[in-house]
Each structure stands twice: as C-alpha cells, then as structure tokens.
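Biologist: Before we begin, may I ask you to display the sequence alongside the coordinates? I should then like to put several questions about helices and individual residues.

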Amino acid sequence: MKIAIIGVGTVGSAVATAVKNTGCVHEIVLFDRDGIRARAAAEDLGHAASFGFDVKISAVNNYRGIRGSDIVIIAAGANQKPSETRMDLLNKNADVIKDIIPRVMVNVDAKNVKIIILTNPLDVMVMLATKLSKLPAARVIGTGTMLDTARLRTILSRQLDVSTQSINAYVIGEHGDSSVVDWTAATVGALSLDDFCKQMKISLPETTRNTIAHRVRNAAYEIIRGRGATWDGIGAAAADLLRCIINDEHRILTVSTVTGTGNDMLAMSLPRIVGANGVTATLRPKLSATESSALRRSGKIIRKHYDEII
C-alpha cells in the first residue's frame, strides 16, 4: 500500500508519523513544494522507522513522484492562527485545493484512488475536492468530526469516570463552530447516557452538557493558543481513517463526504460506514428537534461558504 501525503508542514509531518506507526503501509511519499523540507522530513521519519515498521519513505517536490499511490492525503494549506476561525482560511485554502487536486488527478489511477482531506474549512474543501477530482463522493473523504467526537468522548470519560471505549457519542455537522453534539443518541455501554447517569447517580444537566459542547467546539482554539497549532489529534484521526480503509474494517466514523448534487450538494459529518471502497453507507442518528434544527443550520453555513468560492 502506497500513501502520498501532500503538504509536509506541522500537520502533514504529524500525519506521516501516525501513518507510519499503523504498520499498514509499505511506502509513504512526502510531497511539498519546498523540496528541502520534504527531504528533511523523509530523512527524519526514515530514521524513526528503523525502530518500528519497515516502511519506505521518500520525498518529492514534483507530482510525478506520487504515481502509484493508493490513497492521497491532502494536508496542505494555511493553518489556523490564534483568533482565527476555520472559515477565515476559506479563500486562501480554496486556492490551494484548486491548485493541488488537478495535479494529483493527472498522476493517480482515478478508478481506484481515495483522497483524504484534512485542509480547513474541511467540509467546504471536501465539496471542492469532489467537484474538481470528479471522483465518486464515496472516495473523497474528510476526517470531519472524528477529532471533535474524540474530544467529546474524552471529556465525557473524565466526567463519567468510564473508558472512552465504552462511550458512543457523536459530534456531527460542520467540523467547525456550528458542530452539533448528538446527546439524544449518546450511549454508555448498553445504556442511554441518561440511564447510565441515573444508575451511577451522576448529575449531567443541560447546563453541564452545554459547557461540554462549548469545550468541544473550542478545543482547537485553546490548543492553538497554547502551542501554536494542533497536530497530534488530527494526525491520529487521519491514521485511524486510513487504517479503516486499508483493512476494510467497516467501522462507523463521523467523516465528511458529499451527498446530493447541484444546489443540493453538501458535505458534512454524519456517522458513516467506512471500508476499502470508502464510504459505503450513511446513518441517520436519532436527534431531538433542537438538534435537528442545529444540524440544518450547520448545513446551511457550510453550503453558504461553498457558494462563495465557486
């Protein structure tokens, strides 16, 4: 399995490390316009590989070098800075995707390749990449709210004193400020969240849930304020999505992919079954009336910003 990573900045480097550590790939190609940076990253990662899985790692600054890649991960683009939202990156990162996708498609097998998008604002970039690549929507996948969902489960784990592995709770909609926590469908073990809290005598009122949702939406801002950027979380999310595809795991992940066509075209995160062919099914979770309204609002925000760049 050959993987190409486009963009070897902070995020791309973290993704490369996480992908290498899956043990699922035999070759990683690091592409960056800055050839010196790409070669340095490949050298460093190659040295690290000697302590773990045997992976061939190379660096290129010409798109011909990605030929033969089964999966292409797009990690290029401007990152958020303190005080910036993901949507503040809209126009400059749209230009990045418009430049990259046609060049990628000339050098890959369109019948089989999958593209994973990490560039923000993610849902809009998934829509743009799907349009430009002309690939089936199932094979252009954004990590979506995988990381948001992980943040939610981590916070709940600490609040409930139970492993994240026992919590099924999803963040859906935009990977951004309008994301929606689906409290209605949340479960702990075989119990609804409410039943679990009742049995364990844990108080989780609406005010606490609102605080948790706020913390989930603002986690990236806090991390950026403290260390300048986020990279470990998204690296792990990208590697988990990659592993799910390579191993044909058919796991349910909250990834972003396009549904609909024309004016109804929209990418947002919902629980989706992911395997070797990409997204194979989309699930419609149980939502309250308030959550349904918030999800519709989230979709309108994504579509509005997409219409600004086409």
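Biologist: Which residues of α1 are buried?

Modeller: In this predicted model, helix α1 spans residues 10-20 and is mostly covered, with 8 of its 11 residues buried. The elements covering these buried residues include β1 (2-6), β2 (27-31), α2 (35-49), β3 (56-60), β4 (71-74) and α8. The buried residues of α1 are Val11, Gly12, Ala14, Val15, Ala16, Ala18, Val19 and Lys20.

Biologist: Is Arg243 buried, partly exposed or exposed?

Modeller: Arg243 has its place in helix α8, residues 232-246. Not counting residues up to four places away in sequence, Arg243 touches Thr22, Cys24 and Glu249. Its relative accessible area is 28%, and buried would require under 20% whereas exposed would require over 50%. Arg243 is therefore partly exposed.

Biologist: With which side chain does the side chain of Arg243 make a polar contact?

Modeller: A polar contact requires a pair of N or O atoms within 3.5 Å. The side chain of Arg243 satisfies this at 3.0 Å, and the partner is the side chain of Asp240.

Biologist: What distance separates the C-alpha atoms of Arg243 and Met265?

Modeller: Arg243 belongs to helix α8. Along the chain, Arg243 and Met265 are 22 residues apart, and their C-alpha atoms are separated by 28 Å.

Biologist: Is Ser269 buried or exposed?

Modeller: Ser269 lies in strand β13, which covers residues 266-275. Discounting residues up to four places away in sequence, Ser269 touches Asp123, Gly144, Thr145, Ile172, Gly173, Thr254, Val255 and Ser256. The relative accessible area of Ser269 is 0%, and the cut-off for burial is under 20%, so Ser269 is buried.

Biologist: Which residue has its backbone nitrogen 3.0 Å from a polar atom of the side chain of Ser269?

Modeller: The residues that Ser269 touches include Gly144, Thr145 and Ile172. The backbone nitrogen lying 3.0 Å from a polar atom of the Ser269 side chain is that of Thr145.

Biologist: How is α5 oriented relative to α7?

Modeller: Helix α5 (residues 146-160) and helix α7 (residues 206-227) pack with their axes 10 Å apart, at an angle of about 125°. Angles over 145 degrees count as roughly antiparallel, and 65 to 115 as roughly perpendicular. The angle of α5 and α7 therefore makes α5 oblique to α7.

Biologist: How many nonpolar residues does the contact of α5 with α7 have?

Modeller: The crossing of α5 and α7 is right-handed. From α5, Asp148, Arg151, Leu152, Ile155, Leu156 and Gln159 meet Thr208, Ile212, Arg215, Val216, Ala219, Ala220 and Ile223 of α7. By class, this contact of α5 with α7 has 2 polar, 3 charged and 8 nonpolar residues.

Biologist: How is α4 oriented relative to α9?

Modeller: Helix α4 (residues 122-133) crosses α9 at roughly 50°, and their axes come within 9 Å. This makes α4 oblique to α9.

Biologist: Which residues in α9 meet those in α4?

Modeller: The crossing of α4 and α9 is right-handed. On the α4 side, the contact involves Asp123, Val124, Met125, Met127, Leu128 and Lys131. Their partners in α9 are Ile302, Arg303, His305, Tyr306 and Ile309.

Biologist: Which residues of α9 make the contact with α3?

Modeller: The axes of α3 (residues 90-106) and α9 (residues 289-309) come within 10 Å and cross at roughly 65°. Helix α3 contributes Leu90, Asn91, Ala94 and Lys98, and α9 contributes His305, Glu308 and Ile309.

Technical notes
Residues are numbered from 1 along each chain as its sequence is written. This is a predicted model: local features need pLDDT of at least 70, side-chain atom pairs count only at pLDDT 80 or more; totals for chains, interfaces and linings use all residues. Side-chain values use heavy atoms; hydrogens and water are left out. Helices (H or I, at least four residues) and strands (E, at least two) are DSSP runs, numbered from the N terminus. Buried means under 20% relative accessible area, exposed over 50%, partly exposed in between (1.4 Å probe, protein chains only). A polar contact is a pair of N or O atoms within 3.5 Å; within protein, one must be able to donate a hydrogen and the other to accept it, and residues adjacent in sequence count only if both atoms are side-chain atoms. Contact means heavy atoms within 4.5 Å. Axes are lines fitted to C-alpha atoms, for helices over the stretch in contact, and angles run from 0 to 180 degrees between N-to-C directions. Angles under 35 degrees count as roughly parallel, over 145 as roughly antiparallel, 65 to 115 as roughly perpendicular and the rest as oblique. A crossing is left-handed if the near helix is turned anticlockwise from the far one by less than a right angle, and right-handed if clockwise. Ala, Val, Leu, Ile, Met, Phe, Trp, Tyr, Cys and Pro count as nonpolar, Asp, Glu, Lys and Arg as charged, and the others, Gly among them, as polar.
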